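Got the model open? Let's walk through a few quick questions about side chains and surfaces.

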Amino acid sequence: MGWVLKALVVIAALIAVMCEAQLTFTPNWGKRSGLQDGPCKLSTEVLMHIYKLVETEAQKLVECGKFGGN
């Protein structure tokens, strides 16, 4: 009887490991659902800041490539 219980536990563990789940997030999900009714709108200042960050990192990669010897 003990081996049957152990086998069932192992089978249940395998099934639990192989399970997949899907989460669906809607626009009205979460604590901030009442704050925004439409799509996100970023200010130009924020977009420029993101652009500068990407540009700076790209320049670092270029400089790294120059001295890397590849």
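A salt bridge here means a side-chain nitrogen of Lys or Arg within 4 Å of a carboxyl oxygen of Asp or Glu. Keep in mind that this is a predicted model.

Q: How many salt bridges does the structure hold?
A: Side chains of opposite charge can pair when their charged atoms come close. One pair here is Glu55 with Lys52, and another is Glu57 with Lys60. The count for the structure is two.

Q: What is the N to O distance between the side chains of Glu55 and Lys52?
A: Both residues sit in helix H2, which covers residues 44-68. Glu55 and Lys52 are three residues apart, about one turn of the helix. Their side chains meet in a salt bridge, and the N to O distance is 3.8 Å.

Q: Is Lys52 buried, partly exposed or exposed?
A: Buried would need under 20% relative accessible area, and exposed would need over 50%. Lys52 comes out at 45%, so the label is partly exposed.

Q: Which residue pairs with Glu57 in a salt bridge?
A: Glu57 is partly exposed, with a relative accessible area of 44%. Its partner also lies in helix H2, three residues away, about one turn of the helix. The two side chains meet at 3.3 Å, N to O, and the partner is Lys60.

Q: What accessible area does the nonpolar patch with Trp3 have together?
A: Trp3 lies in helix H1 (residues 2-18) and is exposed, at 65% relative accessible area. Trp3 forms the surface patch with Val4, Leu8, Ile11 and Ile15. Together, their accessible area is about 530 Å².

Technical notes: Residues numbered from 1 in each chain as written. Predicted model: local features only at pLDDT ≥ 70, side-chain atom pairs only at ≥ 80, totals over all residues. Heavy atoms only, no water. Helix = DSSP H or I, 4+ residues; strand = E, 2+ residues; numbered from the N terminus. Buried < 20%, exposed > 50% of the residue type's maximum accessible area, 1.4 Å probe, protein only. Patch = residues over 30% accessible without salt bridge, like charges linked within 9 Å, V, L, I, M, F, W, Y side chains within 5 Å. Areas by Shrake-Rupley, 256 points an atom, 1.4 Å probe, with all protein chains shown as cover.
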